[in-house]
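Colleague: Thanks for making time for me today. Could you take me through this protein, one question after another?

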Amino acid sequence: MKKTILRIVCFMLVLGATLYGVNRVFKVKYLDGIYSMTKFYELDKNSVDVLFLGSSHAFENFNTGTMWDEFGNASYILGGSFQPLWNTYYYLKEALKTQTPKVIVLEGYMTKLDEDYMDDSRIIKNNYGMHWSLNRLNSLKASAPRERWAEFMLANEQYHKRYTELSSGDFLKNQNYTLYDDWKGLGLNMATTPLEMIDVTTIDDRKELYGKTEKYYRMIIELAKSKDIPIVVVISPYAGITEERMQQFNKAYDIAKEYDVPYINYNLFIEDMGLEFLTDAADPAHLNYKGNQKFTAYFGRWLNSEFDIPDHRGDKDYESWQRNADYIREMIYNQQLLECYNTDTISLKLCNENYWVVISIDGSADVYNPVVSKFLNDMGIEGDEDGGMWLRENNGVIWASGSESSKQYIRSKSHDFCLERRPDENGFYANYVIMDRVSYKMVPDGINVVVFDSKTECMVDVFAFDKNCDYAIVR
């Protein structure tokens, strides 16, 4: 009898471990919604001081790096794509199991939602990051009509569709993406879409909120107040605001005032923040990396003046927030490099201690051309009319190919590189820069530059001074 029980227990343990492993590999791993909750569970208990909640208007418009760099605030953005307020409510309930923030910030864009259910993708994104619990169960029940509950509660019904989508990242920690090592929920949008500002400052009319949306909006506020945690409702600025949306936000303002809760619609303060949608918008709904820094700094000054939020800079227990801010700044620096086409200044941008810069003289490039010679000199390279290849690291040349055959292998934490100079079938030497079996080169005749960032573990830029374009920078 004892042996039978032992066999059953062992079988159940093996089955449980197997199912856990299968689930870890096959579960969907969207950045928004799922991963924001997945990484939230890894935080130390009661380490979050500012908890942001909401849709993509929260995780793209608030910048956790700026909150740290400017104020030392330990903030986290817990949200999902187009997240309805019923999911936000259960995210908050789940979050309060382990965190007691100094203040909760609800981004209120989704008070505009006027339907009972979202599409299947949003249902998955805004539920499947949660551990199995009563909160996840109730959130799923609120997310789908009763006849579809079983379909979404049995997650394997969704996972089995991913067989053909699996990649190596599904088997590795954090999908083998260093962004997630110390991630705090920010989805940094690098796009720039020039847009005009819409003036909504004179719209005073109200439009009633949709019944289910208003119900959960009130429940979120009431939950925070029941825990004696201050809550602030914010409408982040965006270029695509309409008169109807403004009317709904005005009604949401009235409801917040019923509870004596601060409510700020930052679409009324565009000029005060110094926002320019011609440069600071990613799209009609979101700010880009330039805009979210301006907005977050402006909001953060108000928030820290109203609430007693600790400055944790220099605190060893909060080093992950420092690393997160450092990583965000590196991502922004990389984007600025991508946007640089000034031949006089791009060499300065390449002087980054985290960069591996491979420079090759290819084809019939003229090393005596003024643009070329200045760039090579700035990079500490003596150009050879017979061509060649150089590797810079820590702002200095650490390897050079010479003018004949040469090969160098290097490896970062996650990637393999081969730098090779070899003759082709006609006896002419050519340069090859290969990362993970992919070759990088922009032009056959000119100066090719390949930039890899060892901090973010990403190929940042591939550009060239193209002989056929008078040595202008091309990408």
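Modeller: Happily! One definition to start: buried means under 20% relative accessible area, exposed means over 50%, and partly exposed lies in between. Please keep in mind that this is a predicted model.

Colleague: Then let's use that straight away. Does Lys225 count as buried, partly exposed or exposed?

Modeller: Lys225 is found in helix 10. Its relative accessibility is 38%, and the in-between class runs from the 20% cut-off to the 50% one. Lys225 therefore counts as partly exposed.

Colleague: And how far is Lys225 from Val261 in space, C-alpha to C-alpha?

Modeller: Along the sequence, Lys225 and Val261 are 36 residues apart. In space, their C-alpha atoms are separated by 9.3 Å.

Colleague: I always look for cysteine pairs. How many disulfides does the structure hold?

Modeller: A disulfide is a covalent bond between the sulfur atoms of two cysteines. To be counted here, the two sulfur atoms have to be within 2.5 Å. Cys458 is partly exposed at 25% relative accessibility, and Cys469 is partly exposed at 36%. As for disulfides, the number in the structure is zero.

Colleague: On to charges. Which residue forms a salt bridge with Arg323?

Modeller: Side chains of opposite charge can pair when their charged atoms come close. For Arg323, the closest N and O atoms of the pair are 3.0 Å apart. Arg323 itself is partly exposed, with a relative accessible area of 40%, while its partner is buried at 16%. That partner is Asp182.

Colleague: Why does that pair tie together separate parts of the chain, and how many residues apart are they?

Modeller: The salt bridge joins Arg323 to Asp182. Arg323 lies in helix 15 (residues 319-338), and Asp182 lies in the loop between helix 9 and helix 10, so the parts they tie together are separated in sequence by 141 residues.

Colleague: Which residue pairs with Asp362 in a salt bridge?

Modeller: The closest N and O atoms of this pair are 3.3 Å apart. The link joins distant parts of the chain, with Asp362 in strand 8 and its partner in the loop between strand 14 and strand 15, 79 residues apart. Asp362 is buried, at 2% relative accessible area, whereas the partner is partly exposed at 36%. The partner is Lys441.

Colleague: Is Lys39, which shares a salt bridge with Glu42, buried or exposed?

Modeller: The side chains of Lys39 and Glu42 meet at 2.8 Å, N to O. Lys39 has 5% relative accessibility, and the cut-off is under 20%. Lys39 therefore counts as buried.

Colleague: How many salt bridges are there by this rule?

Modeller: Some residues join into a network of salt bridges, namely Asp69, Asp326 and Arg329. The count for the structure comes to 23.

Colleague: Which residues form the negative surface patch that includes Glu271?

Modeller: Glu271 sits in helix 12 (residues 270-273). It is exposed, with a relative accessible area of 68%. The patch is formed by Asp199, Glu271, Asp272 and Glu276.

Colleague: Last one: how many of the 11 residues of helix 5 are buried?

Modeller: Helix 5 covers residues 85-95. Its buried residues include Trp86, Tyr89, Tyr90 and Glu94. The helix is largely enclosed by the rest of the structure because the number of its 11 residues that are buried is 10.

Key:
Residues are numbered from 1 along each chain as its sequence is written. This is a predicted model: local features need pLDDT of at least 70, side-chain atom pairs count only at pLDDT 80 or more; totals for chains, interfaces and linings use all residues. Side-chain values use heavy atoms; hydrogens and water are left out. Patches are made of residues with over 30% relative accessible area and no salt bridge: like charges are joined within 9 Å, nonpolar side chains (Val, Leu, Ile, Met, Phe, Trp, Tyr) within 5 Å. Accessible areas come from the Shrake-Rupley method with a 1.4 Å probe; for residues, only the protein chains shown count as cover. A salt bridge is a side-chain nitrogen of Lys or Arg within 4 Å of a carboxyl oxygen of Asp or Glu. Lys and Arg count as positive and Asp and Glu as negative; His and the chain ends are not counted. The place of a charge is taken as NZ of Lys, CZ of Arg, CG of Asp or CD of Glu. Helices (H or I, at least four residues) and strands (E, at least two) are DSSP runs, numbered from the N terminus. Buried means under 20% relative accessible area, exposed over 50%, partly exposed in between (1.4 Å probe, protein chains only).
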